[in-house]
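Reader: Please take a close look at one residue on the surface of this model and at its surroundings. I would like the reasoning spelled out.

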Amino acid sequence: QVIAKVNEYVADINANPDIVSTMGEGDMPVHGPHSKYTLPEQSFNGRLELKWIGEGENGVACKLDSKGYAAILEATEKVLGSVKPYAIGGS
């Protein structure tokens, strides 16, 4: 689902690169005033391309002492009957 959603965002940006200019409106702009994703005089639009190198990993990253981790742990145990947290990054 995540890959499909990211691919959807990429397609939206490629269909209309100018939307990148408006994505961060408000408290924090996404780029400086001279950044351009379209060059109308040259009939050129920027293009975003992502290449997936795999399907990704199952799981989440979170602080082990957070309320969110405790909630995920409890919910997983209720649904699956047991939970066995592990780290693939060595932490």
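Author: A residue counts as buried under 20% relative accessible area, as exposed over 50%, and as partly exposed in between. Leucine 48 has a relative accessible area of 32%, and is therefore partly exposed. The model is predicted, and this value is computed from it.

As for its place in the chain, leucine 48 sits in the loop that runs between strand E2 (44-45) and H3. The chain has 3 helices and 2 strands, and from the N terminus these elements follow the order α-α-β-β-α.

Leucine 48 also belongs to a nonpolar surface patch, together with Leu50 and Trp52. The accessible area of Leu48, Leu50 and Trp52 together is about 270 Å². For the whole chain, the exposed area is about 8200 Å², of which carbon and sulfur atoms supply 56%. Buried residues account for 8% of the 91 residues in the chain.

On the other side of the loop comes helix H3, which covers residues 67-80. Its 14 residues, at 1.5 Å a residue, should span 20 Å, and the C-alpha atoms at its ends are 20 Å apart, so expectation and model agree. Glycine 81 comes just after H3 and takes a positive phi of about 95 degrees.

Last, the contacts of the chain: among those with a separation of 6 or more, 36% join residues 24 or more positions apart.

Key:
Residues are numbered from 1 along each chain as its sequence is written. This is a predicted model: local features need pLDDT of at least 70, side-chain atom pairs count only at pLDDT 80 or more; totals for chains, interfaces and linings use all residues. Side-chain values use heavy atoms; hydrogens and water are left out. Helices (H or I, at least four residues) and strands (E, at least two) are DSSP runs, numbered from the N terminus. The expected span of a helix is 1.5 Å times one less than its number of residues. Buried means under 20% relative accessible area, exposed over 50%, partly exposed in between (1.4 Å probe, protein chains only). Contact means heavy atoms within 4.5 Å. Accessible areas come from the Shrake-Rupley method with a 1.4 Å probe; for residues, only the protein chains shown count as cover. Patches are made of residues with over 30% relative accessible area and no salt bridge: like charges are joined within 9 Å, nonpolar side chains (Val, Leu, Ile, Met, Phe, Trp, Tyr) within 5 Å. A salt bridge is a side-chain nitrogen of Lys or Arg within 4 Å of a carboxyl oxygen of Asp or Glu.
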